Each structure stands twice: as C-alpha cells, then as structure tokens.
Amino acid sequence: MSADTKEETPLLRRRLTASESKIHNSKLFLAVFSAVLGNFSFGYSMVFSSPVLPELTSPGADPRLRMDTEQAAWFGSIYTLGAAAGGLGAMLLNDMIGRKMSIMMSAVPSTIGYLLMGGAVNTWMLHVGRFLTGVAGGMTAASIPVYISEISHRGVRGALGSCPQITAVFGTLSLYALSLVVPWRWLAIAGELPPLLMVALLVFMPSSPRRLLSLGREEKAKKVLLWLRGSRYDTHIELRAIQHSISSQTRVTFSQLGTPVFYKPILISVVMRFLQQMTGITPILVFLQPIFAKSNVSLEPKYDAAIVGVVRLLSVAVAACLMDKAGRKALLYMSSMLMFLASLTLTMISHTTPCPSTPNLTLSSDYGLHGDIGHTLGAGHQGPASVLPLIATMVFIFGYAMGWGPITWLLMSEVLPLVARGVASGLCVAVSWLTAFVLTHAFTHLVDAYGLYVPYLGFTVVCVVCLLFNAVCIPETRSRSLEEIENYFRTGRTFTIRRSQSMTQST
C-alpha cells in the first residue's frame with residue numbers, strides 16, 4: 001500500500017464522520033428488520049425438536065410417527081447436518097447471487113421443510129423436513145450478518161450487528177411459548193410464516209452497496225446509499241471508501257497460510273468454534289424439554305423450557321451491553337466459570353438420580369426418557385432441591401450467552417485476516433456444525449445408556465478446557481486496532497507497534 005493511500009484513508013474517515021450527521025436510519029432499520037426475520041426463523045427451527053420429541057416418543061403417539069431412541073437422535077441432530085450444508089452453500093451463493101438473494105433463497109428449504117413436518121404421515125417426512133429447515137438455518141446464519149454489516153454505517157453497525165442473535169433468541173422463545181398452547185403440527189405451520197414474510201419484505205429492500213460496486217454498478221450503488229442513508233447524504237465519500245476496500249483485497253496463497261499471521265488466528269477461531277459446541281449448548285437447547293422431564297423439576301418441562309428461553313433473551317441483552325465495556329477475555333473467564341459451576345451442579349444432581357431400570361429408553365412426554373424413571377423420581381423429594389436443575393440450567397445458558405456464545409463470533413471478525421476470511425469462515429462453519437451433529441446425535445444414546453450424568457460430566461470437563469484455552473491462547477482485542485491485532489500474531493506476544501516498524505511498513 002502506498003504512502004498516499006495511507007494518508008487518504010484517515011481523510012476519508014474524517015469526511016465520513018462529518019457526512020454521518022446527515023443520515024436518516026429509518027429505511028436502514030426496515031431493511032435490517034426484513035433480513036433478521038430469517039434469524040428469527042433460525043432460532044425457531046433449531047429448537048423445534050424440544051417440544052415435539054416428547055409427543056412423538058410417547059406411548060400415545062401416532063404409530064406411523066412414533067420414534068425410538070435412534071430415530072429421536074436423528075430427528076434432533078439432523079438439523080445440524082443441514083445447517084452445515086446450508087452454511088457452506090451460502091458462502092458460495094453470497095458471491096454468486098449476492099447476500100440479499102441468498103437470504104431470500106433460504107425461504108425455499110424452510111417452507112418445504114415445515115410443510116413436510118406439518119403434514120407428515122411417516123418418520124422420513126419428519127427427518128427430511130428437519131434437515132431442510134437446517135439448510136435454511138445455515139444459509140441465514142451465514143448470509144444475514146454479512147448483509148447487515150454491508151448496508152449499515154459505522155455509527156450503528158455495532159448495535160445492528162447484535163440483532164441477528166437477539167432475533168434468533170426471540171424465535172426460540174416464541175417456539176417455547178407457542179408450544180404451551182399449540183399442538184406440534186401447528187408449530188410447523190406457524191414456522192412457515194416468518195420466512196414468507198421475510199421474502200415479501202426483502203423484495204422491496206436493496207442489495208448491498210458493496211455487492212453492487214463489486215459488479216461495477218456504481219450508479220445503482222449510489223441510489224441504494226441514498227435510499228439507506230437519506231436524500232441529503234453525501235454518497236461520494238462512502239462510495240470511495242467501499243471501492244478502496246474492494247480494490248485493496250488480495251488472494252491468500254498456500255505459502256502465506258503457513259505463516260503465524262495466518263495460521264494462528266485461524267487455529268484460534270476453529271478451536272473456539274469446536275469448544276463452543278463441545279460445551280453442550282446445542283444438545284441442551286435441542287432436547288431441553290425432555291431433559292427437564294428426566295431431571296424431575298417440580299414445574300412441567302414445557303414451562304421450564306419457556307423460563308429458560310426468557311433467561312436466554314435477557315442474558316443476550318446483557319452481553320450486548322457489556323461487550324465493549326468489559327474485555328473479551330474477562331467475559332470469557334466469567335462465561336467459562338458460570339458454565340463450569342452450572343454443569344458441575346447438574347452432574348452432581350444427575351449422579352444422585354437412580355439409574356434407569358428399563359433398557360431401551362427413548363424420549364417421551366410422560367417419563368422424560370421412556371421408562372419408569374419419571375415415576376421413580378416423582379416418588380422422591382419434591383422440596384427446594386427439585387428446582388436446582390432449572391436454576392443450574394438457567395445459569396449455564398446465562399453464562400454461555402455472556403461469553404462463549406457471542407464472543408466466539410466477534411473474535412472471528414476481529415482476528416481473521418480479511419484476505420483469508422472466506423476460507424477460514426467456511427472451515428469454522430464446517431467444524432462447528434459437524435461437531436454439533438456428532439454431539440447432539442450421541443447425546444440421546446449416552447442419556448439412554450447412562451442417564452444425564454455422563455454427558456454433564458463431559459460438559460464440565462470441556463468448560464475447564466475453555467477456561468485454560470482462554471488463559472493461554474486467546475488475545476485481548478478490546479480497543480485494539482486491526483493492525484495491532486495482526487502485529488500480535490506476527491510477533492507472537494505483543495500488540496505494540498514500534499514507530500520504526502510502522503515507518504518501515506509505510507515506506
């Protein structure tokens with residue numbers, strides 16, 4: 001990069017700041033709302049199995065749809081396989097047809113999936129429908145944050161960037177709330193509405209200016225910026241900044257991937273996504289209601305799940321407020337400790353539970369995991385200790401949402417080199433969802449064979465690993481420029497950029 005270009009960039013930033021005072025955000029907010037309906041659908045579909053599996057595994061279920069342990073495991077886990085396929089596919093579609101069209105395309109597998117599940121007459125329709133909703137969820141999770149970041153200006157990008165996660169939690173809470181009063185088939189029918197509304201609104205929303213400029217459509221990009229920012233906005237300055245960003249991108253080579261500045265942040269991001277899933281968050285959310293049924297909480301499992309949904313929403317809001325005030329490592333320490341204490345508590349509670357006497361257990365609405373376990377526990381104590389599993393689960397969800405949930409995504413955007421972000425993000429998506437699939441599928445069999453004790457013990461050990469990994473490997477990136485973060489990985493252990501080094505790079 002030339003010295004003239006380096007001097008031009010701060011000048012563009014100053015002009016952008018002056019121009020941002022003339023911005024009107026109302027249409028931008030409408031575009032973001034239209035897009036994040038896809039995240040609402042993602043949150044809704046991900047936990048769809050939680051209230052549905054108890055109905056499908058109960059003795060009174062339709063014989064054509066009744067599931068055993070293996071079928072229940074596939075119904076819960078196959079969503080993550082679909083999400084892996086959808087996430088990787090969206091990374092290709094984002095460049096081929098654009099972010100907006102990728103988001104709109106996700107409505108196709110989502111609608112077909114819910115139609116199959118709502119009208120299912122056999123188990124293959126349920127599994128295919130669940131897989132297709134997973135494909136849609138993976139597509140939206142990969143495309144919507146990119147679309148929002150590209151249409152937002154820096155004054156609101158941070159706040160709007162938290163909208164996908166918040167609306168996904170709203171979707172989860174909506175499913176839990178609807179399941180209290182609506183039969184499971186109607187839950188599938190209701191799931192079709194958000195993606196259809198999303199498509200209806202996105203038809204009238206623009207493509208991102210960055211996408212249009214990459215296609216050489218500068219006049220169209222100018223009109224889009226005027227629509228998003230207001231008629232008095234000076235588009236020339238932002239268009240130059242976007243064009244400069246596009247023209248400065250280069251392709252990474254295999255030899256570059258072997259240097260610390262590339263492989264270290266990629267390894268950190270991949271391991272964080274792996275550990276994030278190994279904490280057990282996905283199987284806990286997917287099988288939340290059956291878990292509560294087995295844990296013998298004094299409240300009905302469907303109410304417990306709804307309460308946890310509310311706690312999760314509140315914790316995401318708290319995390320959004322603390323993200324830039326507290327350090328990343330501090331929040332990760334707090335998150336790891338809360339999850340460790342909660343999972344350790346759940347391990348000890350489940351260890352005192354009598355072992356199931358029935359060999360072939362499956363998830364059921366009457367007994368949690370089909371057998372006499374619910375009756376056995378129900379005959380036990382119903383004092384204050386009966387709410388401990390609910391409290392511990394709420395603490396676990398709160399701890400996850402405070403750190404290892406959102407910060408994993410945030411650190412990826414901060415530490416991954418821009419030129420390698422496409423490949424690295426694809427690798428992270430694949431590792432994350434494939435880990436979630438294996439863990440979610442194995443969870444049902446482990447609970448069926450050993451009860452909740454073994455999975456919770458494993459989650460407790462992983463939380464300790466998360467604590468150690470944060471202490472040893474993860475850098476503190478708060479208030480650090482991207483140049484300082486890059487220098488940390490280049491030098492090994494320092495963010496400081498010496499004046500002589502900076503002068504050398506400039507020349």
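Reader: What makes the 68 residues a nonpolar core, and which of them touch the most other members?

Author: In this predicted model, Phe48, Phe75, Leu126, Met272, Ile284 and Trp404 touch the most other members of the largest nonpolar core, which has 68 residues. A set earns that name when buried nonpolar residues are joined through side-chain atoms within 4.5 Å. Helix α22 (residues 388-402) gives the largest share of this core, seven residues.

Reader: What else is there besides this core, and which residues does it include?

Author: There is a second, separate core of 26 residues. Among its members are Ala35, Val36, Met205 and Ala221.

Reader: Which residues does Trp404 touch, beyond those up to four places away in sequence?

Author: Trp404 touches Met272, Leu275, Gln276, Leu332, Ser335, Ser336, Met339, Cys466, Phe469 and Ile474.

Reader: Why is Ser335 called buried?

Author: Its relative accessible area is 0%. Buried means under 20%. Ser335 is therefore buried. This serine lies in helix α20 (residues 328-351).

Reader: How do you know that Ser335 and Gly399 meet in space?

Author: The two are 64 residues apart in sequence, and their C-alpha atoms are 4.4 Å apart. Ser335 is in contact with Gly399, and also with Tyr400, Met402, Gly403 and Trp404, leaving aside neighbours within four places in sequence.

Reader: What makes the link between the side chain of Ser335 and the backbone oxygen of Gly399 a polar contact?

Author: A polar atom of the Ser335 side chain lies 2.6 Å from that oxygen. The cut-off is 3.5 Å. The distance of 2.6 Å is within it.

Reader: Is Arg312 buried or exposed?

Author: Arg312 has a relative accessible area of 16%. The limit for buried is under 20%, so Arg312 counts as buried. It lies in helix α19 (residues 301-322). Arg312 touches Val169, Thr172, Leu285 and Ile397, not counting residues up to four places away in sequence.

Reader: Why is Ser50 called buried?

Author: Ser50 has a relative accessible area of 0%, so it is under the 20% limit. Its helix is α3 (residues 49-56). Not counting residues up to four places away in sequence, Ser50 touches Tyr176, Leu285, Val286, Phe287, Leu288, Gln289 and Pro290.

Reader: What makes Cys473 partly exposed, and how does Cys428 score?

Author: Cys473 has a relative accessible area of 30%. Partly exposed lies between 20% and 50%, so the name fits Cys473. Cys428 has 0%, so it is buried. A search of the whole structure finds zero disulfides.

Reader: How do you know that the span of helix α25 is close to what is expected?

Author: Helix α25 (residues 453-472) has 20 residues. It reaches 29 Å from its first C-alpha to its last, close to the expected 28 Å. Its buried residues include Tyr456, Phe459, Cys463 and Cys466.

Reader: Why is the pair Arg64 and Asp62 called a salt bridge?

Author: Their side chains meet at 2.9 Å, N to O. The cut-off is 4 Å, so the pair qualifies. Arg64 is partly exposed at 48%, and Asp62 is partly exposed at 27%.

Reader: What makes Glu150 and Arg99 a link between distant parts of the chain?

Author: Glu150 is in helix α7 (residues 123-151), Arg99 is in helix α5 (residues 99-105), and they are 51 residues apart. Their closest N and O atoms are 2.9 Å apart in a salt bridge. Glu150 is buried at 12%, and Arg99 is buried at 15%.

Reader: How many salt bridges does the structure hold?

Author: It holds three. One of them joins Glu238 and Arg229, with the closest N and O atoms 2.8 Å apart. Both Glu238 and Arg229 are buried.

Technical notes:
Residues numbered from 1 in each chain as written. Predicted model: local features only at pLDDT ≥ 70, side-chain atom pairs only at ≥ 80, totals over all residues. Heavy atoms only, no water. Buried < 20%, exposed > 50% of the residue type's maximum accessible area, 1.4 Å probe, protein only. Helix = DSSP H or I, 4+ residues; strand = E, 2+ residues; numbered from the N terminus. Contact = heavy atoms within 4.5 Å. Polar contact = N/O pair within 3.5 Å; in protein donor to acceptor, adjacent residues only side chain to side chain. Disulfide = S-S within 2.5 Å. Expected span 1.5 Å × (residues − 1).
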